[in-house]
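Got the viewer open? Let's take a walk through this one, a stop at a time, with something to select at each.

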Number of protein chains: 2
Amino acid sequence: MATANKYKVIGTRPVRHDGVDKVTGRARYGADTKIQGMLYSAMLRSPHAHAKIKRLDTSKAEKLPGVRAVVTAKDLPDPGTRIAQLGEGAVCMAHLTRNVLAREKVLYKGHAIAAVAADNIHIAEEAVKLIEIEYEPLPVLLDVREAMKPSAIVLNDDVRCEEVGAGTTGSTPTNVAKHFHFEKGNVADGFAKAKVVVEREFVTGTVHQGYIEPHAATATWNPDGRVTIWCCTQGSFTVRQQCSELLGVPLGHIKVVPTEIGGGFGGKISVYLEPVAAALSKKSGKPVKLVMDRAAVLEATGPTPASYMKVKIGVDGDGKITAGTAYMAFDAGAFPGSPIGMAAMCAFACYDVPNGSVDGYDVCVNKPRTNAYRAPGATNGAFAVESVIDEICEKLKLDPLEFRAKNAAKEGTRRVDGPVFPRIGMWETVDYLKKSEHYSTPLPKPKFGGKVGRGVASGFWFNCGLKSAAFATVNTDGSVSLSLGTTDIGGSRASIAMQLAETLGLTATDINPNVVDTDAVGYNDVTGGSRVTFATGIAAYEAGEDIKRQMVQRAAVLWDVDPSQVSYDVATASLIGPGKNITFKALAEQVNHCGGPVIGRGFSSEANQGGSFGTHCVDVEVDPDTGKTQILRYTISQDVGTAVHPSYVEGQLQGGVVQGIGWALNEEYWYDDKGVMRNASYLDYRIPTIYDVPMIDTILVEVPDPEHPFGVRGVGEVPIVPPPAAVANAIANAVGVRMEKLPMSPPNLLKEILAGK
Amino acid sequence: MATANKYKVIGTRPVRHDGVDKVTGRARYGADTKIQGMLYSAMLRSPHAHAKIKRLDTSKAEKLPGVRAVVTAKDLPDPGTRIAQLGEGAVCMAHLTRNVLAREKVLYKGHAIAAVAADNIHIAEEAVKLIEIEYEPLPVLLDVREAMKPSAIVLNDDVRCEEVGAGTTGSTPTNVAKHFHFEKGNVADGFAKAKVVVEREFVTGTVHQGYIEPHAATATWNPDGRVTIWCCTQGSFTVRQQCSELLGVPLGHIKVVPTEIGGGFGGKISVYLEPVAAALSKKSGKPVKLVMDRAAVLEATGPTPASYMKVKIGVDGDGKITAGTAYMAFDAGAFPGSPIGMAAMCAFACYDVPNGSVDGYDVCVNKPRTNAYRAPGATNGAFAVESVIDEICEKLKLDPLEFRAKNAAKEGTRRVDGPVFPRIGMWETVDYLKKSEHYSTPLPKPKFGGKVGRGVASGFWFNCGLKSAAFATVNTDGSVSLSLGTTDIGGSRASIAMQLAETLGLTATDINPNVVDTDAVGYNDVTGGSRVTFATGIAAYEAGEDIKRQMVQRAAVLWDVDPSQVSYDVATASLIGPGKNITFKALAEQVNHCGGPVIGRGFSSEANQGGSFGTHCVDVEVDPDTGKTQILRYTISQDVGTAVHPSYVEGQLQGGVVQGIGWALNEEYWYDDKGVMRNASYLDYRIPTIYDVPMIDTILVEVPDPEHPFGVRGVGEVPIVPPPAAVANAIANAVGVRMEKLPMSPPNLLKEILAGK
């Protein structure tokens with residue numbers, strides 16, 4: 001499916017540079033940080049989902065021998081109410097500091113209240129039990145629709161509803177922090193032209209990113225006021241910025257050293273432990289390590305929102321969409337900041353919808369503050385929109401891929417939320433899938449005695465650009481060291497090194513990529529938004545161009561000619577001058593003696609991506625007696641732009657689909673009516689295992705992004721968007737039940753099957 | 001003495017950036033490196049000063065439980081015979097590998113032979129005892145004159161005498177590796193014009209740099225062939241280069257992470273432990289740490305050479321030098337590479353010598369391979385030349401400073417070894433000293449019942465330029481992170497950060513300097529040759545200029561004007577445009593949104609320093625009954641160019657003088673006739689204590705170096721050059737005995753006093 005490869009390095013599959021470190025256990029993750037004299041620490045977390053803190057007394061804990069410091073919210077300054085961008089979201093500092101350590105109230109079970117640093121973890125845990133605290137329990141709100149009612153108890157006194165777009169803000173405290181309204185064309189006219197109109201309501205539960213590595217942070221607060229923080233984060237510069245504001249320390253006094261990171265998927269952008277570890281270090285005068293256990297990760301970091309959605313779509317007799325509306329209310333969790341805005345942007349983006357509107361609501365409830373999770377918000381929306389489209393196709397007896405090809409957004413299509421698409425590959429993903437062996441093959445016979453069905457669904461993610469900087473130095477053996485400031489979650493050392501290699505005409509192994517600390521590279525936004533291989537790739541490309549210019553100058557010195565007479569030949573990685581040439585490697589040996597060390601720098605600041613689309617096809621077998629759904633076959637067709645390292649692209653597609661299947665079929669936070677998550681472990685929170693998913697087939701559709709020198713598009717997020725809808729459509733095809741709720745777990749599905757009988 | 005300060009930051013005395021780390025014990029030195037799963041190791045060292053290795057069997061050691069690897073020279077490849085520059089010297093790889101681990105022979109007591117890595121240091125030490133080795137002892141050569149005799153046993157079969165300059169090389173094996181011959185004018189004619197000619201012979205003993213921190217190296221050899229080395233070194237890039245050749249690993253596969261360094265003075269440029277730790281790591285599959293004890297440091301690292309010198313100087317009736325010759329034979333130790341070439345360059349450099357010659361010999365003896373030690377070679381030569389000049393002044397009844405003022409080298413003077421001086425400050429150092437309170441004050445009365453005397457002496461060090469690169473990024477709070485590749489031995493974080501601050505119009509604390517690893521900054525030569533504040537300073541200045549250009553561009557984007565309409569005002573650290581201005585700090589907050597991150601890079605490649613001069617005056621009191629010399633008062637007048645941080649400049653001057661006093665009065669390797677150093681500990685090897693030296697008064701003579709944008713000159717090395725001669729001249733003045741041997745320790749001096757009676 002790939003386009004003929006016009007590149008030497010891009011499109012090949014070298015071993016990743018960090019591979020050996022990862023498979024030999026030598027890679028150092030967050031909890032592996034060890035500093036001489038380091039203290040260990042534990043946290044007091046709320047047993048209540050909603051309560052006032054009436055009294056908090058840490059004096060007994062402080063007196064326990066071996067305890068070196070206890071911190072509460074009183075040890076953090078008031079950071080003000082500035083709204084900080086997080087890459088894929090935003091957060092108000094007044095809320096972030098309260099999320100890090102509760103102040104007046106606790107707003108969810110597991111909410112951090114205090115932390116103890118001690119000589120070892122056992123003393124720290126013992127001391128936590130000695131902290132005296134008195135709560136005044138408050139009513140618990142877990143459902144967005146309940147929380148939106150005027151009669152609902154308000155979680156945060158300072159929250160007023162912001163009407164985004166209108167630019168107005170309400171005057172009374174509310175749980176509804178934001179309302180997005182996007183509109184295009186004339187919706188009423190559009191529906192009037194429709195032959196079929198379907199409107200359905202959907203709900204989805206809270207799910208977690210399910211990264212393997214729990215959060216971990218170690219901090220040293222030096223007596224000169226300089227703070228060093230080691231942590232597993234998606235954004236070392238974001239941690240620096242947030243800690244600066246939360247700790248009241250000048251930004252330049254903080255160095256964040258990113259460790260390896262065992263997954264993030266959007267959940268490791270906000271700080272949790274970092275400011276607390278730093279405050280403990282300030283108070284104790286020692287380095288302090290703070291690590292979460294799995295229950296804390298599930299209960300107190302940022303999962304993706306539960307949601308309530310109502311979607312209505314009209315289609316005319318030609319099978320063309322005439323209008324669509326969506327109403328979406330998202331859990332923000334304890335503090336505002338759900339990805340509802342992004343959900344609203346993505347909801348109808350796969351299609352040319354002439355008349356449409358989207359209303360989105362960001363609603364506080366007594367759950368942990370939600371965070372980004374792989375294409376945040378888009379999966380919820382796609383579950384609703386793609387289910388409705390499937391039902392319409394069924395009603396109109398249209399092939400669902402034919403329908404999508406006919407209605408696909410293309411270059412020039414204007415989205416309901418405004419922007420006009422540049423060159424994109426939505427139509428191509430449908431076309432490649434339509435021609436695939438999978439889609440051309442009839443449904444298989446049941447394997448387990450159940451009923452089989454096939455479903456398709458599409459999805460969109462807009463892919464961020466944001467800021468990246470990179471820095472590269474030429475070694476005298478002709479290798480190039482590359483310093484990166486975007487942490488490597490999904491193979492970006494390799495994908496960026498390959499772009500630098502391509503730029504210079506070298507091999508991937510000639511480049512030695514390193515993820516470095518915040519002092520050592522220049523500002524980088526987070527690893528998120530599927531932006532790193534795109535934007536940091538541009539920065540590396542620019543650094544390569546900078547190196548080429550310098551190599552030309554060095555060769556000119558060597559040959560005693562004017563630089564204008566020298567050119568860089570990428571095909572041979574050589575400098576060519578009047579009657580002379582020298583390879584990059586040979587010149588690298590000599591640069592220190594003909595002009596000096598060669599240092600390249602580059603950044604990406606203005607480039608924006610065109611967005612990425614995927615269309616999926618899944619065959620399922622449903623056991624109508626138990627409600628269990630087995631995935632029999634799955635094919636993903638995605639516009640991946642230029643696939644820099646096809647194996648890693650395939651891995652991203654497969655990983656996204658597997659997470660989407662987990663979300664579709666099993667994953668959910670089981671809350672009791674007190675707001676206590678009853679399945680806060682990986683024994684009970686069921687992510688897919690190898691028994692739950694087949695090998696995912698991938699079709700890499702390469703529609704180069706014209707904004708990138710090599711046509712790179714982000715690929716990591718959109719693969720999670722269609723799976724819940726595709727699986728729902730397949731279930732409908734198998735057993736005739738249209739699921740309007742996630743997860744479509746055996747009990748949930750069986751209930752619908754039984755109700756349908 | 002300082003010139004009126006035209007700078008904002010340069011010339012001030014801010015607290016050093018690494019100060020708190022150093023005084024709180026948080027700074028991490030070589031032995032502080034701890035890696036998960038790390039092994040500890042110990043070395044087998046030769047008890048003989050010269051022997052063939054007949055048999056070496058490590059099998060019993062390998063079988064000891066807990067032993068993970070044993071390495072000998074067999075585990076290192078043949079690195080070939082390339083000569084590598086070390087910054088202040090050169091080394092043949094065939095010799096360096098044999099110095100790291102002996103092959104056919106051991107050439108000095110303490111010569112490393114094998115190393116064991118084990119689960120703990122006790123097992124490693126136990127295993128070393130299980131290594132079986134059989135020696136064939138050979139005659140021991142300790143004296144250069146003995147070693148130069150044609151009948152002497154030859155240490156290295158591959159050494160032939162290279163006639164430097166003539167370009168010829170002898171054909172027979174010899175201990176004389178090199179002969180330098182420099183000549184200017186007509187020596188015979190010169191001496192013919194002299195009124196007084198004095199010729200004397202001098203010997204100096206082996207002395208050690210006496211750095212506080214022993215050598216330490218930790219290495220990880222990854223299964224993918226990439227090697228990381230943590231070590232306390234003066235040159236991380238030099239370690240990388242040497243390890244690459246000694247281990248047969250591509251240079252780009254090695255990352256050297258420099259730790260803090262507790263002194264070097266030239267002695268931490270060559271590798272000793274680094275390749276051995278790496279080889280142990282390769283063989284064991286684990287990280288390996290290897291640390292020297294003090295005895296190994298003294299016996300088996302590179303002290304400065306013992307020497308034999310004969311100097312002859314003629315002076316006419318006007319007190320002008322007419323001719324001078326010097327014959328200098330230096331201990332190279334076990335392998336060629338003494339600083340004899342530099343000694344020959346410096347010998348007569350303080351003076352305008354119209355006719356002169358210098359012959360220098362690099363001679364192998366059975367001592368550890370010598371290394372650079374603060375102005376390597378120059379101190380030996382100055383002891384001889386300045387003693388002879390003092391004797392001439394005495395004979396001619398000339399004031400020794402008047403003599404030096406009259407004969408001082410100046411801009412345009414050609415040295416005996418060829419180069420013509422640019423603007424230098426030799427004359428000024430004499431002039432300032434002459435006008436000093438110290439020199440104008442009569443000798444004090446004896447304080448301890450002895451005899452008092454005053455001596456003066458001058459000295460020269462040429463100061464290297466070499467290559468440096470630096471990298472700086474602008475943080476959004478307006479601070480600037482500065483990445484440096486030259487390890488900070490003497491305050492260079494501060495002295496370089498101050499130059500960047502000056503360039504940008506910021507304060508020293510706005511700059512956050514970091515010493516980073518070899519992947520992260522671009523090639524840098526060693527910290528040595530008094531080059532870092534000069535050359536890395538230029539690199540930082542260039543990085544600052546690069547930042548200024550980018551800030552101008554960002555302001556132009558912000559104001560939507562052409563960059564040519566914007567200028568950078570250093571005085572206010574502001575950007576000024578048409579009717580607009582914005583401070584650096586305010587713009588820094590916005591750069592990511594008006595053009596992108598700001599990253600500056602710079603390098604210094606071509607700049608060469610003009611050299612540095614010092615003239616010293618010392619008052620001593622000699623106890624004629626014991627031969628003990630007490631320093632009563634000491635003043636150093638030195639051309640320091642522009643003193644970037646005067647406190648650190650003063651510290652360099654004082655530190656150099658103290659080391660010179662130790663060398664003058666006490667320090668020496670006490671060898672027995674078997675070549676065993678009998679005082680290999682700091683109890684027995686006597687470096688000066690606080691009781692041995694008064695406060696050293698400093699006169700900072702600021703003659704800016706025109707090759708540097710701020711006029712910086714290296715200041716660290718020349719202060720050690722005059723002290724032995726100055727003290728010798730003071731002793732002669734006190735007791736009438738001209739010492740021709742270092743150290744002038746009580747027994748040595750008493751012998752001469754008694755002989756003179």
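Start by selecting A:Val657, A:Gly660, A:Ile661, A:Ala664 and A:Leu665 in H18(A), then add A:Pro723, A:Pro724, A:Val727 and A:Ile731 in H19(A): these two sets meet each other. Colour them by character and you get 8 nonpolar, 1 polar and no charged residues in this contact. This is a predicted model, by the way, so read everything on the tour in that light.

Now show the whole of H18(A), residues 646-665, alongside H19(A): the two pack at an angle of about 55 degrees, with their axes 8 Å apart. That angle makes H18(A) oblique to H19(A). As for handedness, the crossing of H18(A) and H19(A) is right-handed.

Stay in chain A and step past H19 to A:Pro743, which sits in the loop between helix H19 (723-735) and helix H20 (746-756). Is the peptide bond from A:Leu742 to A:Pro743 cis or trans? Check omega: the value is near 0 degrees, so the bond is cis, by the meaning of the term. Jump over to chain B and select B:Leu742 and B:Pro743, where the peptide bond is cis too, with omega near 0 degrees. B:Pro743 lies in the loop between helix H19 (723-735) and helix H20 (746-756) of chain B.While you're on backbone geometry, go back to chain A and pick A:Leu466. This residue is not a glycine, yet has a positive phi of about 55 degrees. Look for A:Leu466 in the loop between strand S20 (451-461) and strand S21 (468-474) of chain A. For background, most residues other than glycine have a negative phi, and most peptide bonds are trans.

Next comes a second helix pair. Select H12 (residues 400-407) and H13 (residues 426-434), both of chain A, which pack at an angle of about 155 degrees with their axes 9 Å apart. That makes H12(A) roughly antiparallel to H13(A). Turn the view and you'll find that the crossing of H12(A) and H13(A) is left-handed. Which residues make the contact? From H12(A), show A:Leu401, A:Glu402, A:Arg404 and A:Ala405; from H13(A), show A:Met426, A:Trp427, A:Val430, A:Leu433 and A:Lys434. By character, the contact of H12(A) with H13(A) has 6 nonpolar, no polar and 3 charged residues.

On to salt bridges. Select A:Arg68 and A:Asp119, whose side chains meet in one at 2.7 Å, N to O. The partners are 51 residues apart and come from distant parts of the chain: A:Arg68 from strand S3 (residues 67-72), A:Asp119 from the loop between strand S7 (112-118) and helix H4 (121-129). Over all chains, the whole structure has 88 salt bridges.

Zoom out to where the chains touch. Chain A and chain B each put 60 residues into the contact. About 4,400 Å² is buried between them, and carbon and sulfur atoms give 47% of that area. How many salt bridges are there between chain B and chain A? The count is 2. To view a salt bridge across the chains, select B:Arg601 and A:Asp546, whose closest N and O atoms are 2.7 Å apart.

Last stop: B:Val557, in helix H16 (residues 532-559) of chain B. Setting aside neighbours within four places in sequence, show what B:Val557 is in contact with, and B:Cys594 and B:Gly595 come up. Then draw a distance from the C-alpha atom of B:Val557 to that of B:Lys184: the two are separated by 61 Å, and by 373 residues along the chain.

Conventions. Residues are numbered from 1 along each chain as its sequence is written. Chains are lettered from A and ligands numbered from 1 in the order in which they are written. This is a predicted model: local features need pLDDT of at least 70, side-chain atom pairs count only at pLDDT 80 or more; totals for chains, interfaces and linings use all residues. Side-chain values use heavy atoms; hydrogens and water are left out. Axes are lines fitted to C-alpha atoms, for helices over the stretch in contact, and angles run from 0 to 180 degrees between N-to-C directions. Helices (H or I, at least four residues) and strands (E, at least two) are DSSP runs, numbered from the N terminus. Angles under 35 degrees count as roughly parallel, over 145 as roughly antiparallel, 65 to 115 as roughly perpendicular and the rest as oblique. A crossing is left-handed if the near helix is turned anticlockwise from the far one by less than a right angle, and right-handed if clockwise. Contact means heavy atoms within 4.5 Å. Ala, Val, Leu, Ile, Met, Phe, Trp, Tyr, Cys and Pro count as nonpolar, Asp, Glu, Lys and Arg as charged, and the others, Gly among them, as polar. Buried area is the accessible area (1.4 Å probe) that two parts lose on being put together, summed over both. A salt bridge is a side-chain nitrogen of Lys or Arg within 4 Å of a carboxyl oxygen of Asp or Glu.
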